[in-house]
Amino acid sequence: MAYAESPEHPAGLWRNPDPRRTYDVVIVGAGGHGLATAYYLARNHGITNVAVLERGWLAGGNMARNTAIIRSNYLWDESAALYDHALRLWEGLSEELDYDILFSQRGVLNLAHSLQDVRDSVRRVEANRLQGVDAEWLTPEQVKEFCPVVNVSQDARYPVLGATLQRRAGIAKHDHVAWAYARAADALGVDLIQNCEVTGITVRGDRVTGVETSRGPIAAGRVALAAAGHSSLLAGMAGLRLPIQSHPLQALVSELLEPVHPCVVMSNAVHVYVSQAHKGELVLGAGVDQYNSYGQRGGFHVIRQQMAAALELFPAFARARVLRTWGGVVDVSPDASPIVGLTPVDGLYLNCGWGTGGFKATPGAGWVYAHTIAHDRPHPLNEPYTLERFTTGALIDEHGAAAVAH
Amino acid sequence: MQLIPCPWCGDRDEVEFHYGGQAHLVHPADPDALSDEEWAGYLFLRDNPKGWFEERWSHAAGCRRWFTVVRHTVTHEVRGSHRPGERVAVSAS
Ligand SMILES: Cc1cc2nc3c(=O)[nH]c(=O)nc-3n(C[C@H](O)[C@H](O)[C@H](O)COP(=O)(O)OP(=O)(O)OC[C@H]3O[C@@H](n4cnc5c(N)ncnc54)[C@H](O)[C@@H]3O)c2cc1C
Ligand SMILES: [Zn+2]
């Protein structure tokens, strides 16, 4: 495939305009979701008088911190439909944006370590097939064949009893994804404004009229939140209380190694997920730290647990050195599914609650959110993801179904 | 790693504790009288402040009792802890 040259550094990929005093749409947060939303607003709906406001630097939040796992093998129909829509967009994204995002469909294994894990996994494979999402069940021997570095010995503390495999799943280079969307949105006329913190949301009657920022007030007909871990604070500025809690989520990378790890391996039971980045680092993720935090860091014991779990599964990694660890702030909802849709305030829209797993959704989330903003009603794919579901009880309970992480 | 001050056992390592989220939530006195919105509020809506937070911890690997900690959600500094029913002098802001 031939793409235009993909520059190593983003400088010059977009303009850095000063904010204008008024826009049709203001998007709060220039993470992957905010940038994808701006791009699809312009491309799919012809709405280009748009600003994306970012308090820090472009895509420096969770977009820069995630372990880049992409898959669509969730249990519930609502989830599979949304994440698989995203996966189909991932499959064409490098061409669409004319920028190599290093999307690699190397396959994701979700390991099963107990009889109940096995039953849940097989159930999910069958559900995925009914949903048109590719899914296979592998025996321990087939796991070993697919990923030779995994320890499938029955003497392990939590032996591998099998795994689900989604071959279309994989990883992409998160920075490239953000820069590619940013460049494309900018080219369509969207203003990307960094170092511009939203400090207030102005509401007149039942309608949003704009935002207060560290660079002055900006009027807007529509305001769309895409602030991940900080959504509670922003919604609070408009008088809304969200069913969201902010938690630290950590990850780490090893030094560079020769290619040893051909796919992505996830284990919810021992709680680690591992892949090897294009350059060669092992990328390891964990579960959330249990307490609320906006500190963008967590406790060392979580890293220790995650490394212990990794060594159990990959004894060969015992001598690999940790290069760096970091944390992000993720927004967890009660049913571990996102909230994407309208709010009680006219013209104010919500995209949050993706928790530990929103990177994989980036193109799909942007697609349906842009539709929601453009038409003032949800796209069919995000219709179930309302704020009201916590009152009506129509939850999309992925927490109990596809387990937590990613 | 945070040191959590158990009011009974003193400062102990975070790994001994289980987190319980926002403190001072009271079960509705007359559940049948609640609207769906009020139930949703009781079940799902919690404060999520960036700053001081009064939250519950249980000393799961120690005395197994629940208590309240006043902790800052950015710096992770702890201002103090108290037993159920008590309020600390410096309250969360
Ligand atoms: C360690 C870690 C590992 C992860 N691994 C995976 C994974 O493997 N697969 C997966 O699918 N997901 C993963 N995730 C989750 C994923 O990163 C998030 O769900 C997703 O990035 C959230 O959407 P976003 O990209 O728009 O958020 P962000 O990139 O966090 O964007 C939100 C932006 O809003 C800005 N903002 C906040 N407040 C304001 C304000 N007041 N004014 C202006 N701007 C503001 C922030 O600075 C930030 O840039 C992981 C997350 C972490 C932290
Ligand atoms: Zn104790």
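The following exchange covers a predicted model, taking ligand 1, the chain A domains and chain B in turn.

User: What makes the link between ligand 1 and A:Glu54 a polar contact?

Analyst: An oxygen atom of ligand 1 is 2.6 Å from an N or O atom in the A:Glu54 side chain. The cut-off for such a pair is 3.5 Å, so this pair counts as a polar contact.

User: Which backbone atoms lie at a given distance from an oxygen atom of ligand 1?

Analyst: A polar backbone atom of A:Ile69 is 2.9 Å from an oxygen atom of ligand 1. For a polar backbone atom of A:Phe359, the distance to an oxygen atom of the ligand is 3.0 Å. Ligand 1 has 1000 Å² of accessible area on its own, and the protein covers 96% of that.

User: Which residues come nearest to ligand 1, and how many are around it?

Analyst: There are 37 residues around ligand 1. A:Glu54, A:Met63, A:Thr67, A:Gly358 and A:Lys360 come nearest. By class, the shell holds 16 nonpolar, 16 polar and 5 charged residues.

User: How do you know which elements and domains of chain A supply the shell around ligand 1?

Analyst: Three elements of chain A each supply at least two shell residues: α1 (32–45), β12 (245–256) and β16 (322–332). Of the elements, β12(A) gives the most, with 3 residues. Domain 1 and domain 2 of chain A each contribute at least three residues to the shell.

User: What are the bounds of domain 1 and domain 2 in chain A?

Analyst: The domain assignment places 2–65, 175–244 and 334–401 in domain 1. Domain 2 takes 106–168 and 245–331. Taken over C-alpha atoms, the centres of the two domains are separated by 29 Å.

User: Why is an area given for the meeting of domain 1 and domain 2 of chain A?

Analyst: Interface size is often given as the accessible area lost when the parts come together. Between domain 1 and domain 2 of chain A, the buried area is about 1200 Å², and carbon and sulfur atoms give 48% of it. On the domain 1 side, A:Arg65, A:Gly229 and A:Ile244 lose the most area to domain 2, together 46% of what that side buries.

User: What makes chain A and chain B count as being in contact?

Analyst: Contact requires heavy atoms within 4.5 Å, and 25 residues of chain B meet this with 25 residues of chain A, so the chains are in contact. The two chains bury about 2200 Å² between them, with 51% of it on carbon and sulfur atoms. In chain B, B:Phe44, B:Asn48 and B:Lys50 lose the most area to chain A, together 31% of what that side buries.

User: What is the secondary structure of chain B?

Analyst: Chain B has 1 helix and 6 strands. Along the sequence the pattern reads β-β-β-α-β-β-β. The C-alpha trace of chain B spans about 40 × 30 × 25 Å along its principal axes.

Conventions. Residues numbered from 1 in each chain as written. Chains lettered and ligands numbered in written order. Predicted model: local features only at pLDDT ≥ 70, side-chain atom pairs only at ≥ 80, totals over all residues. Heavy atoms only, no water. Near = heavy atom within 4 Å. Polar contact = N/O pair within 3.5 Å; in protein donor to acceptor, adjacent residues only side chain to side chain. Areas by Shrake-Rupley, 256 points an atom, 1.4 Å probe, with all protein chains shown as cover. Helix = DSSP H or I, 4+ residues; strand = E, 2+ residues; numbered from the N terminus. Nonpolar A, V, L, I, M, F, W, Y, C, P; charged D, E, K, R; others polar. Domains from an automatic or database assignment. Buried area = accessible area lost by both parts, 1.4 Å probe.
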